[in-house]
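Student: Could we go through this structure together, one question at a time, and reason each answer out before we settle on it?

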Amino acid sequence: MKYIKYIGFTSLIAGSLLVGSCTDELDLSPTDKLPAESALNTGENIERILLGAYDALSDGDLFGGNALRDSELLGSDGDLQFSGTYGEPAEVWRKELVTSNSDVAERWYSSYYVINATNIVLDNLELVDEEEQGRVQGEALFLRGLAYFELVKYFGKPYSAGNTTTNLAVPIITEPTYEFGDITYPERQTVEAVYARVLEDLQQAEDLLPTSNGVYANKTAAAAILSRAYLQMLNYEGARDAANRGLAYAQGVFSLVPVYENAFNNTTNSSEDVLSTQVTTQDGVNNMQLFFASTRFGGRGDIEIQNQHLSEYEEGDERLALFYSDPVTGESRTGKWVDQYANVNLIRLAELYLTRAEANARLGTEVGASPADDVNLIRERAGLDPIDNPTVDDIVRERFLELAFEGQRVHDMKRLQWDIDGFEYDAFELIFPIPQREIDANESLRQNEGYF
Amino acid sequence: MRKALLCSVLLLHLITGIGWAQSRNVSGKVISNEDNTGLPGVNIRIQGTTSGTVTDLDGNYTIEVPSAESVLQFSFVGFVDEEVTVGNRSVINVELYPSLDQLSELVVVGYGTQVKEELTGNIARVGGDQIQNVPVPSVEQAIQGRAAGVFVNSLNGKVGQGINIRIRGASSINASNDPLYVIDGIPVTSENQSNTAAPTNPLADLNFNDIESMEILKDASAAAIYGSRASNGVVIITTKKGKAGATSFNINYQYGVSRPTNHREFLNASQYIELLQEAAWNNDVADGYFADVVDPENPALIPAGIEDHPDYAADSWLQYIHGTFDFLSGDRDWRTNPANTNWEELAFQDARTQELNLSASGGTDKTRYYASGSFSDQDGILIGNNFKRISGRLNLNHELKSNLDFNANVGISRTLNARVSDDNEFATPLQLVAQSPLSPVRDPEGNLYDDALNPSMFYYPATVELENSRFETSVWRNLANTSLVYEPVDGLRITGEYGFDLLTQNEDRYQNANTQGGRSTAGWGSSRWLRIFNYTTRAYANYVKPLGEVHDIDLTGGVEFQKSQIDQTYVAGQNFPSTELTRLVSAAEITDAEGDLSEYSFLSYFLRANYKLLDRYLLGVSGRVDASSRFGANNRYGFFPAVSAGWILSEESFLQNTRAISFLKLRASYGITGNAAIGNFTHLGLYDASVYGGQPGFVPYQLENPDLSWERTAQLDVGFDFGFFKNRINGELDYYVKNTTDLLLERPVPYTSGYRTIMDNIGSLRNRGVELVLNGTILSKTDLQWTAGLNMAYNQNEVLSLNGDQQTLAQSGSRWLNDVIVGEPIGVFYGQEYAGVNPDNGDALWYVNDEVAAEDIDGVTYLNQGGRIATNNYNLAQRVVLGNPTPEFIYGVNTSLTFKGFDLSVLFQGVEGNKIFNGGGTYMTANGRYEDNQTVDQMNRWQKPGDITDVPQARLYSNNGAQASSRYLYDGSYLRLKNLTLGYSLPKSLLGNYGLGTLRFYAVAQNLLTFTQYPGWDPEVNTDYAASNISLGNDFYSAPQARTIVFGAKLSF
């Protein structure tokens, strides 16, 4: 039967033909990711990478919460207790960090991830629509400056400890990584050099950014971070002027909310939010809520506020009323972080008044407003009586209460050179180790003293 | 030659359908002892003559014999030869016993079959009959201990979940180490498809009672024909085929119970109060509280009436812990009426298991079929854990023409897995052990206590999850293949084949407003649909020809294309109006929706030639060219050759008269295989989509590597196959070296680049080892058969190099100790070495393992502990290699005995030389660090100066020795009575009256006894949420294996 042979041969030939046509099937590409060459070819895409940098900044390990949380844990000094089961934050709270602490490694990684994204944007500005170039450049510089500021505060000795030209902070990377050959093995730069980078990026950003820019970086935000940097550097003129400029930009854009409580747990920015990490039910995380909130509200209930802290408030202080007793355990918890889908406050306008007040008071000046006017604005909003002639201590105390559990604490304590939990302000225990993983990957890095 | 003759005679017979019936004398029927069906094609010869015959399709024969002294020799592939003296009988019915002498077995190899005797490669075969009725969900569990060099390790005791299987060790660091699975010629989807950290196992969709045999290709010559996916070995699964003849029908039902292999003891209420109170008190004493009443001789002693002491109310830790006890006790009073809950027992359920299997097989000489249907329902031992499978299969072979065959196999199954959370979730049942024994399960109204809504505990309990959630994974699986085989000339077979594996899966999860996952969202639900279409098409030809008396040649070659597409959608929603409405349609708010498609393809050309000279010199060569979408444009094609040779010494004249040696073959092979089991697009430079504040963006995702290529394994295997005393003792001995180079390694780059790793071909590692298989027939009488077998394998794994002079991959994270270090096996435990407790102050100590100057040894920071320098500062202790998570030595021992109607089989299985790290120790064996209940050994804590113990002083919320260290590292060796089967078959004479073939009643016990030094639940463990190529040998609230006992009956007719 001849046709039988045909079946056999046909199947063989059909098979071969099938295979022949299959070589094209070897060039497959993903449906959910873009090839690098397409991602970098239009101005629109470069702007999307800028948005990606914000997204990276909002990571849980960074401004999704942990960068703020660790400041509170490290600076606890008896005001809070960490009773959670996660070992990494517990090490931060106990000041017993190990070099393999994964939260520390992730902080390092996410910061440089943001930096690389901003470097890519800055390197491709010419593709961006000319009218948008300034803003895009300003936002990228702002994010990069913010990332370096966060790194230098955690991984280097405080600026207030002096020796800033010899104390090591972190490597400075200003070139993007496009391909394997771009990878470098950099050394750590000095505290001075990193602060210089922070100042330069933020100053330029302040010039380039608009005063109002939706939920993204704006002039006030750049000035606010600059004022924080100057405070760290104990440069009170710088801090005062930056805060003053920030408040000037804020005119008509940002304002204090009338009721203190309303500054928190907002799913859209309040009028007081100069910058916040955007969290929605679809996207983003709020790790401050995760660690601070009661299990009743979907948190872990890991951080308990101690009476030592609560006793700092005057009677009638609305900021005291914001604390709540955990319906589950009865422990005191802060009411600032209750809604898991609320934005994470990064810069509230109130901080700028307090910074200007403190710097003015230290310098004996009244740039923008008198220290009393600025402080009393904050006090009266909290339902307290105004005070006359506030001292620097009064203003600092007000600052700690106003900004309590918002991630500023340990950095303020270090610049004020206060002891923390029995450690001197510049003790190695209060500084993060360079991640062991990073030292293994880059031999040029030296570990912080005290860590092995 | 004998076999070839037999085959051609059989073939001829089948084709002509005419028996060689001579005048008449003796006739009878040959049946298999296995299933009492007639055996067609049995060779019958009259001893000392050349005359003989073969049985027909029903096993009947007729033969003319010269005299009453004539001896009939019955022989058939896979059965023990039988000799019968004719005497004056005219009807001689013969029962043949399946052979343990595997030399004459047909073994399935890549794209063909070979007689075991002529193999030049190393292939382990597990017959389907060996794994029938084993009460486990998936086939890999069933073969544990049955094949040399095949290491099977379940991650935990959850049913339907991931299983770690390694053939001759792990050969990769970042690509998969799982073998390639080929079912009836089609490579199938076998990798984890879980959306959670706990992996699932697509092989559990297979009803392994349909399996005829599993061949595990281990060395390069056997596996290299599978090219770029063969480095981890290839498992070829062949399903049953119909036999021509009367339909045989089998019904099997079994029912049984499962219990954990082991329970662990935790503190009872009074012990818990004692330890936690002491932990709080110790803090107070350290803080200077109660100074006037502390007994310096025994500072841990809490004086009576301490609550009246003025320090008590002054924010003392003691008062704090008493408050905690009040909270934990719910409505109870811990002082007078503690709940004393045994939470460990509450994690387990009364587990039942049942299975029903039906199968029919039969056909004519033109058309044969095998059909089966099965239902299996197995409870896991953990509360809420269950696995159900319904499956059906139809395998059809049809002869269109004498030289044209059509084959079709279709298997369909549906599995339903009621899952529990991964080991790292509070909601997983075994994390219940963290709850305090003071906490009652329910309040007086019968409501469950929890950590939030009706609180009496700090940790969310699985009891609430069980009653308020659903986590079900359902899979619809369709395996199908069809082929057309054409034989244009004698010896040449051309096969066109197409097959696919279609896997459709839904992971459906719902947690209502009472659960941890749903309480802040008013109920949360998610659904993930997944469809994987994995198809293969190929055309190949096979040519077998005896070239005269001296040469035999067997050629195989073909082309193949495979493509797999995975298409998935995920939706999550929250805010459900009622706990009654549990599907996503009722969610007021959809919070997540995703969908994507990913794919890969392989294009391959393969060729194999086997040559046999004088029935004793064997030579095999094979080669495969593979191209894959997974690799960079510069290195897309790879070539994988292998060569092997065998020498059957027993055919040589100088050994033919050695009576003791019935078979002896020396074989050697060398070849190259590859590993392509990485992600689909790892060679491309990519940007990923991201969202911020509701706006879409891009983030850098991956650096391009156009040179990315296969991981390459060169394997040398040298072995002996032997049979002694008429093959009553037979076996194999192999030595192998597998050198893997160009490792697909996630090469760490400095984070400062903005990237973590780049996938690259760097580094090398080696596995080398020895395997021994021994099988023996101890007794072989008509009524009594006793056999025994042993398989053992020693494998040494060593990482030879990483990136340049890089010595370690430096795994980050402080919970685990596994690392990759040059000169050590993959995943070696590397960390601080625990040195016990300072007898003076109760501090935990670690050996410094570093030079310390004599003047620095101050007795506080550095002190002499048993002749070595120790420290209480964890950071000052250098990390050292502490042990291997993977056993170096694995073995299985089995024996089976049949006596009249009774049958007994026993399988022991064991591993040696590995360690287990209990990651949960940092909470459960932590001398009262948190409120977590503690293992009972923590009562041996240090209390006063001079105490010699390994358990440091209890200090509440203070980490005194609970860091990851060798404190939580234990010997993981074990020996297990894996399987014990006892059966009784009713006499056939009795059954024949009712038209029945066989009726067998049996009992099977799985994991009946375990012998181990490991103090945890079970030494077969690797916590599901962390398991990886590197994270090995870790326990973390992982469920133990199930000890299952089933009773069943099998009826055939």
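**Strands, domains and the chain interface**

Tutor: Let us begin with a pair of strands in chain B of this predicted model: strand S20 (residues 386–401) of chain B runs antiparallel to strand S21 (residues 404–418) of chain B, and 15 bridges join them.

Student: How many residues lie between S20(B) and S21(B) in the hairpin that they form?

Tutor: The two strands are antiparallel, and within this pairing Ile390(B) has Arg414(B) of S21(B) as its bridge partner. S20(B) and S21(B) form a hairpin, and the number of residues between them is 2.

Student: Which residue of S22(B) is the bridge partner of Leu416(B)?

Tutor: S21(B) also pairs with strand S22 (residues 469–486) of chain B, in the antiparallel sense and over 15 bridges. In S22(B), the residue that partners Leu416(B) is Ser474(B).

Student: What distance separates the centres of domain 2 and domain 4 of chain B?

Tutor: Chain B is divided into four stated parts, among them domain 2 (104–259) and domain 4 (834–878). Taken over C-alpha atoms, the centres of domain 2 and domain 4 of chain B are separated by 50 Å.

Student: Which element supplies the largest share of the side of chain A that touches chain B?

Tutor: In the contact between the chains, 83 residues of chain A meet 78 residues of chain B. Several elements of chain A each supply at least two residues of that side, including helix H1 (2–20), helix H3 (43–57) and helix H6 (102–123). The largest share, 11 residues, comes from H1(A).

Student: How many residues on the side of chain A that touches chain B are charged?

Tutor: The residues of that side of chain A divide into three classes, with 41 nonpolar and 28 polar. The remaining class, the charged residues, numbers 14.

Student: Which residue in S30(B) stands opposite Leu34(A)?

Tutor: Strand pairing also links the two chains, since S1(A) runs antiparallel to strand S30 (residues 686–692) of chain B and is joined to this strand by 3 bridges. Opposite Leu34(A), in S30(B), stands Tyr687(B).

Student: Is Glu206(A) buried or exposed?

Tutor: Glu206(A) lies in helix H8 (residues 191–208) of chain A, and beyond its close sequence neighbours, up to four places away, Glu206(A) touches Lys219(A), Ala222(A), Ala223(A) and Leu226(A). A residue counts as buried if 20 or more other C-beta atoms lie within 10 Å of its own. Because Glu206(A) has 26 other C-beta atoms within 10 Å, Glu206(A) is buried.

Note on methods. Residues numbered from 1 in each chain as written. Chains lettered and ligands numbered in written order. Predicted model: local features only at pLDDT ≥ 70, side-chain atom pairs only at ≥ 80, totals over all residues. Pairing = 2+ DSSP bridges. Helix = DSSP H or I, 4+ residues; strand = E, 2+ residues; numbered from the N terminus. Domains from an automatic or database assignment. Contact = placed C-beta atoms within 7 Å. Nonpolar A, V, L, I, M, F, W, Y, C, P; charged D, E, K, R; others polar. Buried ≥ 20, exposed ≤ 12 C-beta atoms within 10 Å, placed from the backbone.
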